[in-house]
Amino acid sequence: MSEHDRRHPDQSSDAASDTAGSGPHDGPSARFDALYGAHAGPLVQQALVLTGRARLARRAVERAFRTAWQRWPEVAAAPDPVGWVRAAAHDYALAPWRRPLPGLRPVERPGPGTPAPPPAAPQDHALLVAVRALPVPYRRALLLHDGLGLGLHEMALEVEASTPAATGRLTHARECLAERLPELGLKELSPDAQGAVLRSRLSALAASCPVVVVPAPEVRADAERWTRLTTRAGFGAVGLLAVTALAVSFTAPDGYRPPRPVVAASGPAVPPSARAAAPPVAQQAHRGPHHRAAHHRAPAHRALPPGARLSPDVR
């Protein structure tokens with residue numbers, strides 16, 4: 001034992017315990033893998049209930065987890081990491097540009113390694129069709145509150161709306177389901193009883209959808225690869241802009257060259273006063289020869305002698 005350890009035994013023991021506890025199983029990758037393994041499958045099932053498209057649901061969840069690994073310090077410090085990933089997956093799956101036209105939507109077939117979904121029960125199929133017929137904001141509020149059991153305030157925070165607005169969406173969704181599925185008997189139930197019935201039905205519907213997710217290390221590898229690609233693309237764009245600016249600086253003319261002045265027609269210079277007093281050329285052209293002759297023959301005014309007075313002509 002060194003002299004420092006004998007003087008400070010508590011510090012040395014704390015450091016040893018920290019070193020022993022910081023093994024590979026407690027690192028960021030291990031925590032991410034635990035989060036992915038516990039919630040990736042249920043999130044895919046929830047996205048499948050929202051969209052009805054297995055490929056889109058799986059792609060949305062994988063992309064959300066890739067983004068979470070790229071921003072893992074922020075996600076790990078969040079109060080609800082699962083809610084962070086769920087919000088990202090739902091935003092991606094329910095984006096307006098990913099909603100195909102009703103008449104042009106292709107039939108999705110299970111890919112390699114994806115099991116074919118079993119034929120759904122008639123009541124489950126009717127519930128899925130009714131849920132997908134709802135507007136997207138009401139569909140999401142119904143799944144978060146009645147399907148997952150989130151409170152009104154937590155649901156409003158996740159959908160980025162006020163609590164009264166989120167409550168109105170939930171009420172409207174329940175009313176639509178009560179009209180489309182009268183066999184559920186929602187009209188005669190209280191709001192709490194409606195939530196309980198829909199929670200059991202939506203949970204059973206999500207659990208009936210088989211899903212297969214890729215391993216967590218593969219998701220992390222894809223996220224790191226995307227990070228490298230975007231970083232290289234950013235550096236390439238900056239380099240291209242620099243080369244373009246350098247090329248423009250070499251090809252641009254040196255200094256400023258003012259434009260050449262306009263050269264006037266040859267002839268004697270006319271002063272501005274004479275130019276203003278002279279009649280226009282068009283007026284001179286319209287005057288006849290008699291007018292010009294009379295102008296030249298007009299007598300000039302003579303100066304009066306001093307003391308002379310003007311008197312009118314007396315006839």
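Why are Phe32 and Tyr36 separated by about one helical turn? The two residues are four apart in helix H3, which spans residues 28–51, and that spacing accounts for the turn between them. The model discussed here is predicted. It describes a protein of 315 residues, of which 27% count as buried, with 15 helices and zero strands. Of the contacts with a separation of 6 or more, 69% join residues 24 or more positions apart.

**Confidence**

- The mean pLDDT of the protein is 76, and 66% of the residues reach 70 or more.
- Residues 1–24 have a pLDDT below 50, and beyond near neighbours in sequence this stretch has five contacts in the model.
- Residues 101–107 also have a pLDDT below 50, with three contacts beyond near neighbours in sequence.
- Predicted coordinates should not be read in detail where pLDDT is low.

**Aromatic pairs and the cluster around Phe32**

- Searching the whole structure gives six aromatic pairs.
- One of them is Phe32 with Tyr36, a stacked pair with 6.4 Å from centre to centre and 20° between the planes.
- Both members of this pair, Phe32 and Tyr36, are buried.
- Phe32 also pairs with Trp69: the ring centres are 5.2 Å apart and the planes lie at 50°, so this pair is tilted.
- Because Phe32 belongs to helix H3 and Trp69 to helix H4 (residues 54–70), the tilted pair ties together parts of the chain that are 37 residues apart in sequence.
- Trp69, like Phe32, is buried.
- One aromatic cluster is formed by Phe32, Tyr36, Phe65, Trp69 and Trp72.
- Trp69 has a further partner in Arg220, whose charged end sits over the Trp69 ring at 5.7 Å from the ring centre.

**Glu62 in helix H4**

- Helix H4, which carries Trp69, also contains Glu62.
- Is Glu62 buried or exposed? Glu62 has a relative accessible area of 18%, which is under the 20% cut-off, so Glu62 counts as buried.
- Apart from neighbours within four places in sequence, Glu62 is in contact with Val214 and Val219.
- The C-alpha atom of Glu62 is 9.5 Å from that of Ala216, although the two residues are 154 apart along the chain.

**Helix H10**

- Helix H10 covers residues 163–180, which makes 18 residues.
- From the first C-alpha to the last, H10 reaches 26 Å, close to the 26 Å expected at 1.5 Å a residue.
- The buried residues of H10 are Ala166, Leu170, Ala173, Arg174, Leu177 and Ala178.
- These residues lie on the same side of H10, because they cover an arc of only 135° around the axis.
- An α-helix has 3.6 residues a turn, so residues three or four places apart point the same way.
- Which residues of H10 are exposed on the other side? They are Pro164, Glu179 and Arg180.
- The buried residues of H10 pack against four helices, namely H7 (122–132), H8 (136–147), H9 (152–158) and H11 (191–207).

Notes: Residues are numbered from 1 along each chain as its sequence is written. This is a predicted model: local features need pLDDT of at least 70, side-chain atom pairs count only at pLDDT 80 or more; totals for chains, interfaces and linings use all residues. Side-chain values use heavy atoms; hydrogens and water are left out. Rings of Phe, Tyr and Trp (its six-membered ring) pair if their centres lie within 6.5 Å; planes under 30 degrees apart count as stacked, over 60 as edge-to-face and the rest as tilted. Buried means under 20% relative accessible area, exposed over 50%, partly exposed in between (1.4 Å probe, protein chains only). A charge sits over a ring if NZ of Lys or CZ of Arg is within 6 Å of the ring centre and within 35 degrees of the ring normal. pLDDT is the predictor's confidence in each residue, from 0 to 100. Contact means heavy atoms within 4.5 Å. The expected span of a helix is 1.5 Å times one less than its number of residues. The arc is that of the directions from the helix axis to the C-beta atoms.
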